[in-house]
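Trainee: I would like to learn how to read a few features of a model. Where do we begin?

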Amino acid sequence: MPDAPETQSTYDLEALKRGDPAAFEALVRAESPRLFRFLLRFLENEEDAHNVMQEAFLQAFRRIDTFRGDARLTTWLYGIALNQARVLLRKNRRYEAMDEADLDRLQPTFSRGMYAQRHRPWPPDVLAEREDLRRLVREAIDQLPDSYREIILLRDIEELSTEEVARLLNLSEGAVRVRLHRARQALRALLSPHIEKGDV
(Lines give C-alpha, C1' and ligand atoms only; values in the text may rest on other atoms or scores of the structure.)
Protein backbone atom coordinates (compact mmCIF):
# COMPACT_ATOMS: atom_id res chain seq x y z
CA MET A 1 0.00 0.00 0.00
CA PRO A 2 1.22 3.54 -0.54
CA ASP A 3 3.81 4.80 1.93
CA ALA A 4 2.53 8.34 1.59
CA PRO A 5 -1.05 9.55 1.38
CA GLU A 6 -2.28 9.60 -2.17
CA THR A 7 -4.53 12.30 -3.47
CA GLN A 8 -6.78 11.72 -6.44
CA SER A 9 -4.60 14.21 -8.31
CA THR A 10 -1.51 11.98 -7.98
CA TYR A 11 -2.42 10.31 -11.24
CA ASP A 12 -4.09 11.78 -14.31
CA LEU A 13 -7.37 9.90 -14.14
CA GLU A 14 -8.76 11.51 -17.25
CA ALA A 15 -5.70 10.44 -19.22
CA LEU A 16 -5.92 6.94 -17.75
CA LYS A 17 -9.57 6.68 -18.74
CA ARG A 18 -8.70 7.84 -22.26
CA GLY A 19 -6.24 4.94 -22.43
CA ASP A 20 -3.21 7.23 -22.57
CA PRO A 21 -0.16 4.89 -22.60
CA ALA A 22 2.08 7.48 -20.93
CA ALA A 23 -0.37 7.92 -18.03
CA PHE A 24 -0.65 4.19 -17.56
CA GLU A 25 3.13 3.76 -17.75
CA ALA A 26 3.49 6.39 -15.03
CA LEU A 27 1.06 4.45 -12.83
CA VAL A 28 2.92 1.17 -13.44
CA ARG A 29 6.33 2.73 -12.74
CA ALA A 30 5.15 4.39 -9.54
CA GLU A 31 3.17 1.52 -8.07
CA SER A 32 5.09 -1.58 -9.24
CA PRO A 33 7.66 -1.69 -6.40
CA ARG A 34 5.09 -1.39 -3.61
CA LEU A 35 2.55 -3.66 -5.29
CA PHE A 36 5.23 -6.29 -5.86
CA ARG A 37 6.29 -6.20 -2.19
CA PHE A 38 2.65 -6.51 -1.16
CA LEU A 39 2.10 -9.51 -3.44
CA LEU A 40 5.38 -11.15 -2.47
CA ARG A 41 4.35 -11.09 1.19
CA PHE A 42 0.98 -12.44 0.26
CA LEU A 43 2.14 -15.16 -2.14
CA GLU A 44 5.73 -15.84 -0.91
CA ASN A 45 6.89 -16.58 -4.44
CA GLU A 46 8.60 -14.04 -6.71
CA GLU A 47 7.39 -15.55 -9.97
CA ASP A 48 3.80 -15.71 -8.72
CA ALA A 49 4.04 -12.14 -7.43
CA HIS A 50 5.34 -10.90 -10.80
CA ASN A 51 2.65 -12.76 -12.72
CA VAL A 52 -0.18 -11.54 -10.49
CA MET A 53 1.15 -7.97 -10.60
CA GLN A 54 1.21 -8.00 -14.40
CA GLU A 55 -2.31 -9.40 -14.53
CA ALA A 56 -3.51 -6.81 -12.01
CA PHE A 57 -2.14 -3.93 -14.09
CA LEU A 58 -3.66 -5.45 -17.22
CA GLN A 59 -7.04 -5.77 -15.51
CA ALA A 60 -6.75 -2.21 -14.20
CA PHE A 61 -6.03 -0.93 -17.72
CA ARG A 62 -9.03 -2.78 -19.12
CA ARG A 63 -11.38 -1.82 -16.29
CA ILE A 64 -10.30 1.75 -15.55
CA ASP A 65 -13.73 2.97 -16.66
CA THR A 66 -15.24 1.12 -13.66
CA PHE A 67 -13.13 3.13 -11.18
CA ARG A 68 -15.67 5.44 -9.53
CA GLY A 69 -13.20 7.61 -7.63
CA ASP A 70 -14.77 7.03 -4.20
CA ALA A 71 -11.56 5.38 -2.95
CA ARG A 72 -7.91 5.89 -3.68
CA LEU A 73 -6.83 4.60 -7.07
CA THR A 74 -4.19 2.47 -5.37
CA THR A 75 -6.80 0.89 -3.07
CA TRP A 76 -8.78 -0.05 -6.17
CA LEU A 77 -5.63 -1.41 -7.85
CA TYR A 78 -4.64 -3.43 -4.78
CA GLY A 79 -8.16 -4.83 -4.64
CA ILE A 80 -7.74 -6.17 -8.16
CA ALA A 81 -4.35 -7.65 -7.26
CA LEU A 82 -5.72 -9.19 -4.06
CA ASN A 83 -8.50 -10.93 -5.96
CA GLN A 84 -5.98 -12.36 -8.43
CA ALA A 85 -3.76 -13.49 -5.56
CA ARG A 86 -6.71 -15.17 -3.81
CA VAL A 87 -7.41 -17.28 -6.87
CA LEU A 88 -3.79 -18.39 -7.09
CA LEU A 89 -3.52 -19.11 -3.37
CA ARG A 90 -6.59 -21.30 -3.39
CA LYS A 91 -5.08 -23.22 -6.25
CA ASN A 92 -1.67 -23.64 -4.62
CA ARG A 93 -2.56 -23.70 -0.92
CA ARG A 94 -0.01 -25.69 1.07
CA TYR A 95 -2.12 -25.92 4.18
CA GLU A 96 -5.70 -26.89 4.72
CA ALA A 97 -7.29 -23.73 6.06
CA MET A 98 -9.30 -23.87 9.25
CA ASP A 99 -13.02 -23.32 9.24
CA GLU A 100 -14.95 -21.05 11.59
CA ALA A 101 -15.45 -23.86 14.14
CA ASP A 102 -11.68 -24.43 14.30
CA LEU A 103 -11.16 -20.71 14.77
CA ASP A 104 -13.71 -20.63 17.58
CA ARG A 105 -11.81 -23.37 19.42
CA LEU A 106 -8.67 -21.21 19.31
CA GLN A 107 -10.32 -18.23 20.97
CA PRO A 108 -9.34 -17.59 24.61
CA THR A 109 -11.52 -18.66 27.49
CA PHE A 110 -12.39 -16.35 30.30
CA SER A 111 -13.09 -16.87 33.98
CA ARG A 112 -14.70 -14.10 36.01
CA GLY A 113 -13.99 -11.61 33.26
CA MET A 114 -10.28 -12.46 33.00
CA TYR A 115 -8.19 -14.65 30.72
CA ALA A 116 -8.27 -18.24 31.94
CA GLN A 117 -4.86 -18.85 30.37
CA ARG A 118 -1.57 -17.09 31.06
CA HIS A 119 -1.33 -14.02 28.84
CA ARG A 120 1.89 -13.07 27.05
CA PRO A 121 2.18 -10.20 24.55
CA TRP A 122 3.30 -11.25 21.08
CA PRO A 123 2.37 -8.74 18.34
CA PRO A 124 2.44 -10.62 14.99
CA ASP A 125 4.24 -7.79 13.17
CA VAL A 126 7.09 -7.84 15.71
CA LEU A 127 7.39 -11.62 15.64
CA ALA A 128 7.39 -11.65 11.84
CA GLU A 129 10.41 -9.32 11.77
CA ARG A 130 12.60 -11.97 13.44
CA GLU A 131 14.03 -14.43 10.97
CA ASP A 132 13.77 -17.38 13.34
CA LEU A 133 10.10 -16.64 13.94
CA ARG A 134 9.07 -15.84 10.42
CA ARG A 135 8.49 -19.41 9.26
CA LEU A 136 6.37 -20.36 12.27
CA VAL A 137 4.32 -17.16 12.08
CA ARG A 138 3.86 -17.58 8.36
CA GLU A 139 2.75 -21.19 8.71
CA ALA A 140 0.29 -20.22 11.42
CA ILE A 141 -1.12 -17.39 9.29
CA ASP A 142 -1.50 -19.77 6.35
CA GLN A 143 -3.73 -22.01 8.46
CA LEU A 144 -6.27 -19.26 9.10
CA PRO A 145 -9.45 -19.07 7.02
CA ASP A 146 -8.88 -16.76 4.05
CA SER A 147 -11.09 -14.00 5.41
CA TYR A 148 -8.99 -13.83 8.61
CA ARG A 149 -5.64 -14.43 6.94
CA GLU A 150 -6.17 -11.44 4.65
CA ILE A 151 -7.03 -9.20 7.59
CA ILE A 152 -3.82 -10.12 9.45
CA LEU A 153 -1.65 -9.62 6.37
CA LEU A 154 -3.22 -6.33 5.37
CA ARG A 155 -3.60 -4.78 8.82
CA ASP A 156 -0.66 -6.15 10.84
CA ILE A 157 1.93 -6.95 8.19
CA GLU A 158 1.20 -4.37 5.46
CA GLU A 159 0.11 -1.84 8.11
CA LEU A 160 -2.90 -0.59 6.18
CA SER A 161 -5.36 1.43 8.18
CA THR A 162 -8.61 -0.14 9.31
CA GLU A 163 -10.42 2.13 6.85
CA GLU A 164 -8.21 1.02 3.95
CA VAL A 165 -8.67 -2.66 4.81
CA ALA A 166 -12.42 -2.17 5.06
CA ARG A 167 -12.55 -0.55 1.63
CA LEU A 168 -10.27 -3.16 0.09
CA LEU A 169 -12.30 -6.09 1.42
CA ASN A 170 -15.70 -4.40 1.14
CA LEU A 171 -16.33 -4.75 4.89
CA SER A 172 -17.39 -2.35 7.61
CA GLU A 173 -14.61 -1.06 9.85
CA GLY A 174 -16.31 -2.84 12.74
CA ALA A 175 -16.17 -6.15 10.91
CA VAL A 176 -12.46 -5.61 10.21
CA ARG A 177 -11.78 -4.99 13.92
CA VAL A 178 -13.72 -8.07 14.99
CA ARG A 179 -12.00 -10.36 12.47
CA LEU A 180 -8.60 -8.92 13.30
CA HIS A 181 -9.12 -9.58 17.00
CA ARG A 182 -10.29 -13.15 16.38
CA ALA A 183 -7.40 -13.79 13.98
CA ARG A 184 -4.85 -12.49 16.51
CA GLN A 185 -6.35 -14.69 19.21
CA ALA A 186 -6.20 -17.74 16.93
CA LEU A 187 -2.57 -17.00 16.04
CA ARG A 188 -1.75 -16.66 19.72
CA ALA A 189 -3.20 -20.10 20.36
CA LEU A 190 -1.36 -21.63 17.40
CA LEU A 191 1.99 -20.11 18.34
CA SER A 192 1.80 -20.42 22.12
CA PRO A 193 3.10 -24.03 22.18
CA HIS A 194 6.22 -22.92 20.27
CA ILE A 195 6.70 -19.89 22.50
CA GLU A 196 6.32 -21.98 25.65
CA LYS A 197 8.83 -24.56 24.34
CA GLY A 198 11.29 -21.82 23.45
CA ASP A 199 11.19 -22.59 19.72
CA VAL A 200 10.82 -18.86 19.13
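Mentor: With the naming of elements. Helices are DSSP runs of at least four residues, numbered from the N terminus. This is a predicted model. Now take one loop residue: Asn170 is found between helix 9 and helix 10.

Trainee: Is Asn170 buried or exposed?

Mentor: Use the cut-off: exposed means over 50% relative accessible area. Asn170 has 71% relative accessibility, so it counts as exposed. Check its backbone too. Phi of Asn170 is near 60°, a positive value in a residue other than glycine.

Trainee: Which other loop residue has phi near 60°?

Mentor: Glu159 has a phi near 60°. That value is positive, and the residue is not glycine. Glu159 sits in the loop between helix 8 and helix 9. With a relative accessible area of 59%, Glu159 is exposed.

Trainee: On to helix packing. How do I read the pair of helix 3 and helix 4?

Mentor: Start with distance and angle. Helix 3 covers residues 46–63, and helix 4 covers residues 73–92. Their axes come within 9 Å and cross at roughly 135°. Angles over 145 degrees would count as roughly antiparallel, and 65 to 115 as roughly perpendicular. Helix 3 and helix 4 are therefore oblique to each other. Their crossing is right-handed.

Trainee: Which residues make the contact?

Mentor: Helix 3 contributes Asp48, Val52, Glu55, Ala56, Phe57, Gln59, Ala60 and Arg63. Helix 4 contributes Trp76, Leu77, Ile80, Ala81, Gln84, Ala85, Leu88 and Asn92. Sorted by class, this contact has ten nonpolar, three polar and three charged residues.

Trainee: Asn92 is in that list. What is its accessibility class?

Mentor: Partly exposed is the class between 20% and 50%. Asn92 has 40% relative accessibility, so it counts as partly exposed. Asn92 belongs to helix 4. Its C-alpha atom is separated by 9.6 Å from that of Leu43, with their positions 49 residues apart along the chain.

Trainee: How do helix 2 and helix 8 cross?

Mentor: Read them in the same order. The axes of helix 2 and helix 8 come within 11 Å and cross at roughly 135°. That makes helix 2 oblique to helix 8. The crossing is right-handed. On helix 2, the contact uses Phe38, Arg41 and Phe42. On helix 8, it uses Arg149, Glu150, Leu153, Leu154 and Ile157. The classes are five nonpolar, no polar and three charged residues.

Trainee: Now the interior. What counts as a nonpolar core?

Mentor: A set of buried nonpolar residues of certain types, joined through side-chain atoms within 4.5 Å. Here the largest nonpolar core has 57 residues. Leu16, Leu35, Leu39, Leu73, Leu144 and Leu154 touch the most other members. Elements giving two or more residues include helix 1 (13–17), helix 2 (21–43), helix 7 (131–143) and helix 8 (146–157).

Trainee: Which helix gives the most to this core?

Mentor: Helix 4, with ten residues.

Trainee: One more residue. How should I read Arg179?

Mentor: Place it, then class it, then list its partners. Arg179 lies in helix 10. At 25% relative accessibility, Arg179 counts as partly exposed. Leaving aside neighbours within four places in sequence, Arg179 is in contact with Ser147, Tyr148, Ile151 and Leu171. The C-alpha atoms of Arg179 and Ile152 are separated by 8.7 Å, and the two residues are 27 residues apart along the chain.

Conventions: Residues numbered from 1 in each chain as written. Predicted model: local features only at pLDDT ≥ 70, side-chain atom pairs only at ≥ 80, totals over all residues. Heavy atoms only, no water. Axes fitted to C-alpha atoms, helices over the stretch in contact; angles between N-to-C directions. Parallel < 35°, antiparallel > 145°, perpendicular 65-115°, else oblique. Left-handed = near helix turned anticlockwise from the far one by under 90°. Contact = heavy atoms within 4.5 Å. Nonpolar A, V, L, I, M, F, W, Y, C, P; charged D, E, K, R; others polar. Buried < 20%, exposed > 50% of the residue type's maximum accessible area, 1.4 Å probe, protein only.
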